[in-house]
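Student: I am new to this structure and would like to look closely at a single part. Could you take me through one buried position and then through the strands that surround the topic?

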Amino acid sequence: MDIKWHIIDERFDLVMKKPELLLNPVREEYDGFKVKKCPGINDMWSNTFVIRSPFDFTISYDKELQRVLIDEEKTSINVVEFSNIISNDIRLYTKFPVVQILLQQVYSSNKQCKMSLIPPIFHLHDNDAWKHIRFSSGVIDIHNWHRSVNWGFEWLDTSKKITFKKGDPLCYVIFNSTKLNDTFNIKPAEFSGEIKKSYVRCVGGRHILPTNTIELINYNKK
């Protein structure tokens with residue numbers, strides 16, 4: 001099945017990179033280990049893609065001001081632009097501050113398909129930042145509901161800075177359709193026409209009625 005990958009803001013066309021299939025890198029890591037041939041392992045990773053950070057960034061948290069601070073010296077993206085795509089709305093906090101970074105991308109399919117966002121479990125040991133944050137996982141019906149993908153997390157220990165380098169895994173996306181043996185190909189596509197209209201309708205409705213998302217999704221299916 002083909003999965004279309006759309007960049008919302010064309011200024012990010014050269015910045016954002018298409019997610020990479022994880023199957024071959026995992027097989028290389030498991031080389032010489034019998035689990036490499038396990039059908040369960042192969043089925044999982046053949047549907048899993050990694051979204052990597054498109055830039056360097058370091059952020060800290062000011063408890064008194066209750067807001068995220070950007071370390072300009074250790075952040076490669078223009079700070080003004082970064083401020084426009086990162087948010088920590090205090091109304092959305094759990095027991096911890098919640099931070100979201102808009103990744104400027106939308107996924108769509110012309111058949112029934114769900115996309116799961118999970119932490120980069122195969123790479124968690126590569127970055128100490130994962131000891132201090134909890135990724136906000138979720139599932140999106142990319143056939144019937146079109147919204148931007150955000151990288152969101154709860155900041156469990158705000159005394160620690162969060163640093164990611166360009167190329168560091170941010171999260172995985174896993175695709176599942178109604179056919180158990182489906183394989184998936186991600187193909188770049190323009191953000192225009194019907195997909196853009198659908199995005200504006202879905203995201204706009206979500207902002208107008210923030211507590212009725214399920215009702216909006218079901219209505220949009222019709």
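Tutor: Let us begin with Gln 105, which is buried because its relative accessible area is 1%, and a residue counts as buried under 20%. Please keep in mind throughout that this is a predicted model. Gln 105 has its place in strand β8, and a polar atom of the side chain of Gln 105 lies 3.1 Å from the backbone oxygen of Leu 103.

From this residue we can step out to the sheet that holds its strand. Strand β8 belongs to an open sheet of three strands, in the order β8-β1-β15, and the pairing in this sheet is mixed. Because β8, covering 105–108, and β15, covering 185–188, stand at the edges with a single partner strand each, one side of each is left without a neighbour in the sheet. From one strand to the next, the twist of this sheet averages 30 degrees. Between β8 and strand β1, which spans residues 2–7, there are four bridges, and the two strands run antiparallel. A pair that you can pick out by eye is Trp 5, which stands opposite Tyr 107 in β8.

Another open sheet of three strands may serve as a companion to this one: its order is β5-β4-β13, and its pairing is antiparallel. Here the edge strands are β5, at 67–70, and β13, at 162–164, each of which pairs on one side only. The twist in this sheet averages 25 degrees from one strand to the next. Strand β4, made of residues 57–62, is joined to β5 by four bridges, and these strands run antiparallel. Within β5, Val 68 is the residue that Tyr 61 stands opposite.

Next, consider strand β7, which can be followed through two pairings. Over two bridges, β7 (residues 98–102) pairs in the antiparallel sense with strand β6 (residues 86–87), and in β7 it is Ile 101 that Ile 86 stands opposite. Over five bridges, β7 also pairs in the antiparallel sense with strand β12, which holds residues 150–155. Ile 101 appears again in this pairing, since its bridge partner in β12 is Trp 151.

Burial, with which we started, returns in strand β14, which runs over residues 169–177: eight of its nine residues are buried, so the strand is largely enclosed by the rest of the structure. Strand β3, residues 48–52, is joined to β14 by five bridges, and the two run antiparallel; in β14, Cys 171 is the bridge partner of Ile 51. Strand β9 pairs with β14 as well, in the antiparallel sense and over six bridges, and Ser 116 stands opposite Ile 174 in β14.

Finally, we can follow the chain to a residue whose setting contrasts with a buried one. Leu 124 has its place in the loop between β9, at 113–118, and β10, at 133–135. Leu 124 is partly exposed, because its relative accessible area is 32%, which lies between the limits of 20% for buried and 50% for exposed. Together with Met 44 and Ile 121, Leu 124 forms a nonpolar patch on the surface, and the accessible area of these residues together is about 230 Å².

Methods. Residues are numbered from 1 along each chain as its sequence is written. This is a predicted model: local features need pLDDT of at least 70, side-chain atom pairs count only at pLDDT 80 or more; totals for chains, interfaces and linings use all residues. Side-chain values use heavy atoms; hydrogens and water are left out. Two strands pair if DSSP finds at least two bridges between them. Axes are lines fitted to C-alpha atoms, for helices over the stretch in contact, and angles run from 0 to 180 degrees between N-to-C directions. Patches are made of residues with over 30% relative accessible area and no salt bridge: like charges are joined within 9 Å, nonpolar side chains (Val, Leu, Ile, Met, Phe, Trp, Tyr) within 5 Å. Accessible areas come from the Shrake-Rupley method with a 1.4 Å probe; for residues, only the protein chains shown count as cover. A salt bridge is a side-chain nitrogen of Lys or Arg within 4 Å of a carboxyl oxygen of Asp or Glu. Buried means under 20% relative accessible area, exposed over 50%, partly exposed in between (1.4 Å probe, protein chains only). A polar contact is a pair of N or O atoms within 3.5 Å; within protein, one must be able to donate a hydrogen and the other to accept it, and residues adjacent in sequence count only if both atoms are side-chain atoms.
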